[in-house]
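Biologist: I'm new to this one, so could you take me through its pockets and its cavity up close? I'd like to know what lines them.

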Amino acid sequence: MEVTETEESALKDRTNRQLRSKELLDELIDKAKLNKDDLEPSVQHIYLSNSLTANEEYKLLELDDDGLNYLLEGNSLIIRGSETENAVCCTKNATFSFKVAEISNPLLITSNLSLSGKCDLEASNSEVLFLTNSYFLMAKEKPKLQKIKNLLELNLYSGRAYEQNNAQKYTIEHFLDCIQASEEEIYQYLNYIQAFQIDGFWRLLDFRYLNQIMDNILKLIEEKCWLFDKIPAKDIYQELDSIYEISVLNQVVLYYFTRNDDDANFYSMRKEKIVYFYADSILRATIKMRFTEFQMILEKSLPSNLGLEFNLSLIQDLCYVEEPYIYYLNVLDMPDDLEKRFKYLFEKRKKWCLEELRAFVQDLCSNNASEISNALTKYCRSYTQNGTKYFTSRV
């Protein structure tokens, strides 16, 4: 098919590049045996820039609607990772893998290409600025946060008298620099491991020191005959401020007590957390003990008339039972990678029941039943014995 383009049949746009006239376009359509009614009303001429190169100044990033709206609202994406780590991309509250996708056909990046049916001109030019065979894509992933706990454990807080001037301390800015996670996820993890903010730095309390504080608070509650659902926090601070810092006492109260909705001056004891704390205290000191003995010691350690009957489900991510013994196994000490977590668990025991495994992996599965089920299918084999379903390693 040959169509002769004369000076009369060519127009020019504002870039001073020639445009084919409407008459010439009609001739091209006719010779191509196309039905004009089937075509969009706009025609765009795509041409290569005179300075076209494999431009490294621009990078392409594929986003879903949520990601695009996040940026259009004025937010930023932050890439985190050292030279030895795979890069991740973070929003304010989520972490994404950040990878390069390569394609065989080059993508052409143009200056003013209009989407189909949205061009008011009958014909327009679109300049190709650069081309590329790759683009970045993001997929949501679980943040790796255990490094925070590992760093904080190097310098536990046992009171101001035991502080070392040259010991490393960390602020939230330090964690944002070295942890591959969003700011919100970092704060959530600090709360999860019960970190304390002391003099502007995030610290973990030495467990023996925390145990002393808890014993003194509960002893005071018992001496004053305060109701478990009406505890005056200010009185706790006044009674114990000569022994402990107010800021530390305040954060202990926030972790183990809940402010009352009807009167902000009073707090209620979080009974499940009190049970969990003293169970942790007993088991970490012994690692292994008879289950009946553990129950007896725990009952004596808890405040009298607590009004909460002990159930193993309260501490399922803290231990496991093989009659007649109970063993200490804290989920916080386990790897934060799902595959490594399962490997760690099956090195401890060859088989687990569903309730036990769920307790130890749900933090890596967003507490989502579907994610937990998928993880069990991927990493475990199952069988039923005496009516109980057990899981063994798939490796």
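Modeller: Here is a walk through the open spaces, one after another.

Keep in mind that this is a predicted model. Let's start with the largest pocket, which has a volume of about 1500 Å³. Its lining is made of 50 residues, and if you want to find the centre, look for Y189, Y192, I193, V331 and L332, which lie nearest to it. Several helices take part: α3 (146-152), α5 (183-192), α6 (207-224), α8 (246-256), α9 (271-286) and α12 (354-361) each bring at least two residues to that lining. As for chemistry, the lining of the largest pocket splits into 23 nonpolar, 10 polar and 17 charged residues.

Now move on to the second largest pocket, which holds about 290 Å³ of space. This pocket has 14 lining residues, and K142, D337, L338, L364 and Y379 are the closest to its centre. Two helices, α11 (338-348) and α13 (369-379), each supply at least two residues of the lining here. Of the elements involved, α13 gives the most, with 5 residues. Sorted by class, you get 5 nonpolar, 1 polar and 8 charged residues around the second largest pocket.

Next comes the cavity. The structure holds 1 cavity of 30 Å³ or more, and the largest cavity has about 30 Å³ of space in it. You can trace its wall through L151, L152, N155, Q168, K169, Y170, W202 and R203. The elements giving two or more residues to that wall are α3 and β10 (201-203). So α3 turns up again: this helix also supplies at least two residues to the lining of the largest pocket. By class, the cavity lining divides into 4 nonpolar, 2 polar and 2 charged residues.

While you have the model open, there is also a little sheet to look at. It is an open sheet of 3 strands in the order β11-β13-β12, and the pairing is antiparallel. The strands at the edges are β11 (231-232) and β12 (257-259); each has a single partner strand, so one side of each is left without a neighbour in the sheet. Between β11 and β13 (residues 266-269), the antiparallel pairing runs over 2 bridges. To spot one of the partners, find P232 and look across to F266 in β13.

One last stop is helix α2 (residues 65-72). At its start, a side-chain oxygen of D64 comes to within 3.3 Å of the backbone nitrogen of D66. Just after α2, G74 takes a positive phi of about 95 degrees.

Conventions
Residues are numbered from 1 along each chain as its sequence is written. This is a predicted model: local features need pLDDT of at least 70, side-chain atom pairs count only at pLDDT 80 or more; totals for chains, interfaces and linings use all residues. Side-chain values use heavy atoms; hydrogens and water are left out. Two strands pair if DSSP finds at least two bridges between them. Helices (H or I, at least four residues) and strands (E, at least two) are DSSP runs, numbered from the N terminus. A polar contact is a pair of N or O atoms within 3.5 Å; within protein, one must be able to donate a hydrogen and the other to accept it, and residues adjacent in sequence count only if both atoms are side-chain atoms. On a 1 Å grid over the protein atoms alone, a cavity is a set of points where a 1.4 Å probe fits but cannot get out, and a pocket is an open set with protein on both sides within 12 Å along at least five of seven lines; lining residues have an atom within 4 Å of a point. Grid points are joined across faces, edges and corners, and a volume is the space filled by probe spheres set on the points. Ala, Val, Leu, Ile, Met, Phe, Trp, Tyr, Cys and Pro count as nonpolar, Asp, Glu, Lys and Arg as charged, and the others, Gly among them, as polar.
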